[in-house]
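Here are my notes on the model you sent, set out as numbered points. Please read them with the structure open beside you.

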Amino acid sequence: MEGTVFDPAGGSSGPTPAGLMLRARALWRRKWVVLGVAVVVAALSAVYTLRQPKIYSASTSLIIDVTAPRFLDGEVKEVMGEERSNYWFNKEYYATQSEIITSRAVASRVVDKLGLSTDPGFLGLLGLPDEKARVQAMQGADAVGLLQSRIRVLPAKDSRVMNIAVDDLDAPRAALLANEVAGAYMAENLALKLRMTEDARSWLEGRLEDLENQSKASEMAVYDFKKDADMLSTSLESRMSIVSDRINSYNLNLTEVSTRIAAMQARVEAIQKLRKASPEDELWAEALPGAKDGSIQDLKKAYTDVRVACAELSERYLPEHPKLLECQGKLAVIQGDFLKSLRNLVRSAETELSEGEAQRKNLVRLLDDAKAEAFQVNKKSIEYDRLKRESDNNQRLYELVLKRLKDIELSGLLRTSNVRVLDPARPLFAPVKPNVNRNLMVGLVMGLLAGLGVALLLDLLENSVATQADVEERLGLAFLGVMPRIEGSRVPKDRDLYVHREPKSSVAECCRAIRTNLLFMSPDTPFKTLVVTSSGPQEGKSTTSINLGVAMAQSGNRVLLLDTDMRRPRLHRAFGVPNELGISSLVVGEGTLDAAVKSTEVPGLFVLPCGPIPPNPAELLHTRAFAELLKAAAGKFDRVILDSPPLNAVADAAVLATQCDGVVLVLKAGKTNRESARRALRSLADVQARMYGAILNDVDLKAPRYGDSYLAYQQGYGQYAEESKDGVTQS
């Protein structure tokens, strides 16, 4: 694989098997911390448990029915309610009873009965030697609340049995308190029932008096209404029936009169029509149907006979003849009577019509009066029904309340309870608290958990780079290898050339592994120039640069080491070469590259010292002359390794990284801070430097945290040149 430009946001985003294994090893490394914390917590738990006072417990078993036994008729209902075969109702009922048992009302009964408010043993005041202080403490103590805190209700599963347990410092007193609490609960339950019954009775009595007055008032209102409506002798139903019969009779008569009037009106209209047809004829009325009656016909016949006789006399006598005059006079009298009879006939028809119309008008008036009377009777009936209904309702409510009052008075005389004792409490002399075994086990478990928490906290607080997982997962860098710690009290010069002088050591093997990893980073286009740097000073970058150069020279390459740390150069001291002519001299044009490069005791390894320390190293490394120097060195040697200053201290390493093929970061195991390493990597990312990876330096392969990771370097493939208890740190 090839080197890449480092991304500061890279790295592992979640837990990995390697990370979990790292956590496990960290815990195992701090196993004595875990065990120590566990032992301390367990010991504290044991001390605390053994110092606690012994508490005894006693319990009373009760059977609680939903309702008390019924001795009265089923129609006599109690105030407390009825039993229901509903699961949720029963569940709520027993939960309510549990609250009543642990209530202050029940506890107050027990405290008052046993005088617990003045009992120093119950109040836990026996330890006070001063009598006055004890009395003051008893006055300020809440005996009821103390007893409440000691009562526990333990319902038996799938049954109506409920256990009342009381905890106390004295076993006999615990049993006494449990029995007294059960008795107080039963008394409170009965008292509650009686109080509710008494409250209901008082309310019903007041309501009964009101209903009685209302019933009497409504009955008097019915009586007054019947008196005012004259209903004492005849009921409204009878009166309504009479009015209905009268209305029917009026309707029938009105129909008959209307029919007769229609006939008479037709007759009068016919007479008027006949009169208009014969206005000159006085005998026009002869055509009327009534003109054929006997008397009119007799007059008509007499009139006809006399007129015939007068006609005969007029033929026989002169107009002034007495007989003729007598006959004419008789004719005039008969004619007048006849005409009068005809006129009376017409007048009779008109009179009958007027009489019929008057009769119809009277019938209409009588019918309207009867209807008005019927409406009035209906209105009175509605008012009467309302008053009667109100009276009946008041009477019914009065009887219902009276019956309920009698039932409550009767049920109140009973002193039955739905609670009975199954097993009274007995003293148990085995303490229930403290549970030594359980507390010790809990303390041990909590201690182990606390120890694990402390170990994890210590691991989280450790912010150094110590393992391969730290490099790969937390920094997101390729891991090139480790540089083991060089044991023994060696001088810096011996440590710098340790790989050359101890080619079979584990350090040499690790250097060769790093060399191989670097070469395989870009097998097609091998690097020519490489910057070796670190995040801070004293992390072993110079020693790593030398050892890496030795390993590459041993593989047959011509390697040049450039000491670009122009503030604290060290390579000339490591190889014992002069520093008068070096990089700073070549950059300013003094001397040549061949004259400045010095050979070393390692075949194929050459060194170009720093030269005189310049006042402006960063500007010097940024010049074109240095770039040409670096290009010339790359043309003469197979590998050019630059030993640069720390990244976080100065900007020299970042400047060099832009001019070389890649960068290798040296991290000191257990010392390099992760944030410091991230800042260094961010500096390289800002200049788009190509990162090959990181080398973990000064690794103590014997440390427990590395486990079997680097066991191969300790056994079989490498040997330490010398064993020493004191490790010497590389610079």
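Across which strands does helix H8 lie, and at about what angle does helix H8 run to E2?

1. This is a predicted model, and the points below should be read in that light. Helix H8, residues 171–228, lies across E2, E3, E4 and E5, and its direction makes an angle of about 25 degrees with E2.

2. The sheet concerned is an open one of 4 strands, in the order E3-E4-E2-E5, and its pairing is antiparallel. Strand E3 (151–155) and strand E5 (419–423) each have a single partner strand and stand at the edges, so one side of each is left without a neighbour in the sheet. Neighbouring strands here are turned against each other by 30 degrees on average, direction ignored.

3. Within that sheet, strand E2 (residues 56–64) pairs with strand E4 (residues 161–168) through 8 bridges in the antiparallel sense, and a useful place to check this on screen is Tyr56, which stands opposite Asp168 in E4. On the E3 side, 5 bridges join E3 to E4, again running antiparallel, with Arg152 standing opposite Ala165 in E4. As general background, strands of a sheet pair through backbone hydrogen bonds, in either the parallel or the antiparallel sense.

4. The hairpin of E3 and E4 has 5 residues between the strands, and one of the residues to look at there is Asp158, with a positive phi near 55 degrees. Asp158 has this positive phi although it is not a glycine, and a reader may wish to inspect its surroundings. Is Asp158 buried or exposed? Its relative accessibility is 76%, and because exposed means over 50%, Asp158 counts as exposed.

5. A second residue with such a backbone angle is Gln538, whose phi is positive, about 60 degrees, although Gln538 is not a glycine either. Gln538 is found in the loop between E7 and helix H17 (541–554), and with a relative accessible area of 47% it is partly exposed.

6. The peptide bond from Lys433 to Pro434 also deserves a look in the model, since it is cis, with omega near -5 degrees. Pro434 belongs to the loop between E5 and helix H12 (436–461), and E5 is an edge strand of the sheet described above.

7. Elsewhere in the chain, strand E12 (residues 662–668) is mostly covered, with 7 of its 7 residues buried. In a regular strand the side chains alternate between the two faces of the sheet. In E12 both faces are covered: Gly662, Val664, Val666 and Lys668 are buried on one side, and Val663, Leu665 and Leu667 are buried on the other. A bench reader may notice that Lys668 is included among these buried residues.

8. What are the partners of E12, and in which sense does E12 pair with them? Strand E7 (residues 529–534) pairs with E12 in the parallel sense over 5 bridges, and Ser534 stands opposite Val666 in E12. Strand E13 (residues 690–699) likewise pairs with E12 in the parallel sense, over 6 bridges, and in E13 the bridge partner of Lys668 is Asn697. Between E12 and E13 the chain crosses through helix H24 (residues 674–686), and this β-α-β crossover is right-handed.

9. Helix H4 (residues 104–114) is a clear case of a helix with a buried side, its buried residues being Val106, Ala107, Val110 and Val111. These residues cover an arc of only 135 degrees around the axis, which means that they lie on the same side of H4. The face turned away from that buried side carries the exposed residues Asp112 and Lys113. Just after H4, Gly115 takes a positive phi of about 65 degrees.

10. For the protein as a whole, there are 25 helices and 13 strands, and buried residues make up 42% of the 731 residues. Among contacts between residues at least 6 apart in sequence, 81% join residues that are at least 24 apart. The exposed area of the protein is about 39,400 Å², of which carbon and sulfur atoms supply 55%.

How values were computed: Residues are numbered from 1 along each chain as its sequence is written. This is a predicted model: local features need pLDDT of at least 70, side-chain atom pairs count only at pLDDT 80 or more; totals for chains, interfaces and linings use all residues. Side-chain values use heavy atoms; hydrogens and water are left out. Buried means under 20% relative accessible area, exposed over 50%, partly exposed in between (1.4 Å probe, protein chains only). Helices (H or I, at least four residues) and strands (E, at least two) are DSSP runs, numbered from the N terminus. The arc is that of the directions from the helix axis to the C-beta atoms. Contact means heavy atoms within 4.5 Å. Accessible areas come from the Shrake-Rupley method with a 1.4 Å probe; for residues, only the protein chains shown count as cover. Two strands pair if DSSP finds at least two bridges between them. A crossover is right-handed if, with the strands pointing away from the viewer, the path from the first strand over the helix to the second runs clockwise. Axes are lines fitted to C-alpha atoms, for helices over the stretch in contact, and angles run from 0 to 180 degrees between N-to-C directions.
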